[in-house]
Amino acid sequence: MKTGAAVEPRHFKCLAFLTADIVSFTNLSSKSSAKQVVSLLNRLYSQMDDVIDSFEDLYKLETIGDAYNVVAGLNTQDTMTPTDQAISMIECAQRFMDIVKKLDMSDQVQDRIQIRIGVHVGPAVGGVANPAMPKYSLFGDTVTITGQMEQTSRPMEIHISGPTYELVSNIFECEVSEAVAILDGKQKMPAFWLGNRIAADANSSSRKNLAAQ
């Protein structure tokens with residue numbers, strides 16, 4: 001895109017997506033000056049951008065209002081597995097949480113903010129849909145479901161979909177969440193609250209137990 005060359009549409013078998021937003025951002029904005037709102041978002045997003053840059057396979061998608069969107073796997077389809085993509089995205093989400101906990105709020109009307117995060121994995125189609133204002137976009141049910149995982153998340157929690165859980169259940173502790181109504185609301189998808197990373201020795205013991213069965 002930067003060189004002016006055409007970008008062909010592409011189907012991706014599996015990508016990992018993350019959506020994060022600030023809890024009660026509209027209420028916060030109504031009590032803040034324009035300068036405070038812009039300062040807060042710049043401070044938060046610049047630190048999130050630094051996290052993205054520290055990963056080989058993460059790419060920041062369009063930011064709409066306070067919603068921050070990330071994808072993993074665009075350029076690593078042949079070198080990283082779906083599990084690798086999901087792990088990268090979850091580690092990114094955990095670092096986002098740490099940023100929010102330590103964020104400087106000294107110039108704001110409240111002393112802290114909270115975010116919600118949703119993570120999902122699945123197929124998508126990518127391409128440049130508007131030549132007049134070119135930007136690379138991703139489309140499909142996977143993108144929509146990621147947003148629904150975020151919308152049903154709790155403050156300062158990482159809400160992951162069933163397909164994501166299947167990829168990382170032996171790496172991270174997870175707690176069952178209420179199934180999430182997805183797409184047109186007629187379907188439901190299992191969902192989980194992300195916990196801590198499972199200790200390496202625990203993973204080893206699990207593999208030994210499975211081998212002995």
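This report walks through the overall fold of a predicted protein model and then a small group of aromatic residues inside it.

## Overall fold

Let's start with the big picture. The protein chain has six helices and eight strands, and from the N terminus they follow the order β-α-α-β-β-α-β-β-α-β-α-β-β-α. Its C-alpha trace spans about 65 × 45 × 40 Å along the principal axes. The radius of gyration is 18 Å, which agrees with the value near 17 Å for a compact globule of 213 residues.

Sequence-distant contacts feature strongly here: among contacts between residues at least 6 apart in sequence, 70% join residues at least 24 apart.

## Surface and charge

Of the 213 residues, 45% count as buried. The accessible surface comes to about 11,600 Å², and carbon and sulfur atoms contribute 51% of that.

As for charge, the chain carries 19 positive and 25 negative side chains, with the centres of the two sets 2 Å apart.

## An aromatic cluster

Three aromatic pairs turn up in the whole structure. One of them is tilted: Tyr-45 and Tyr-68 sit 5.3 Å apart, centre to centre, with 40° between the planes. Tyr-45 belongs to helix α2 and Tyr-68 to strand β3, so this pair ties together parts 23 residues apart in sequence.

Tyr-68 also pairs edge-to-face with Phe-96, at 5.5 Å centre to centre and 85° between the planes. Phe-96 lies in helix α3, and this pair links parts of the chain 28 residues apart. Together, ring pairs join Tyr-45, Tyr-68 and Phe-96 into a cluster.

How exposed or buried are these rings' residues? Tyr-45 and Tyr-68 are both buried; Tyr-68 has 1% relative accessibility, and Phe-96 is buried at 0%.

Conventions:
Residues numbered from 1 in each chain as written. Predicted model: local features only at pLDDT ≥ 70, side-chain atom pairs only at ≥ 80, totals over all residues. Heavy atoms only, no water. Helix = DSSP H or I, 4+ residues; strand = E, 2+ residues; numbered from the N terminus. Rg over C-alpha atoms; globule rule 2.2 N^0.38 Å. Buried < 20%, exposed > 50% of the residue type's maximum accessible area, 1.4 Å probe, protein only. Contact = heavy atoms within 4.5 Å. Areas by Shrake-Rupley, 256 points an atom, 1.4 Å probe, with all protein chains shown as cover. Lys, Arg positive; Asp, Glu negative; His and termini not counted. Charge placed at Lys NZ, Arg CZ, Asp CG, Glu CD. Phe/Tyr/Trp six-rings, centres within 6.5 Å; stacked < 30°, edge-to-face > 60°.
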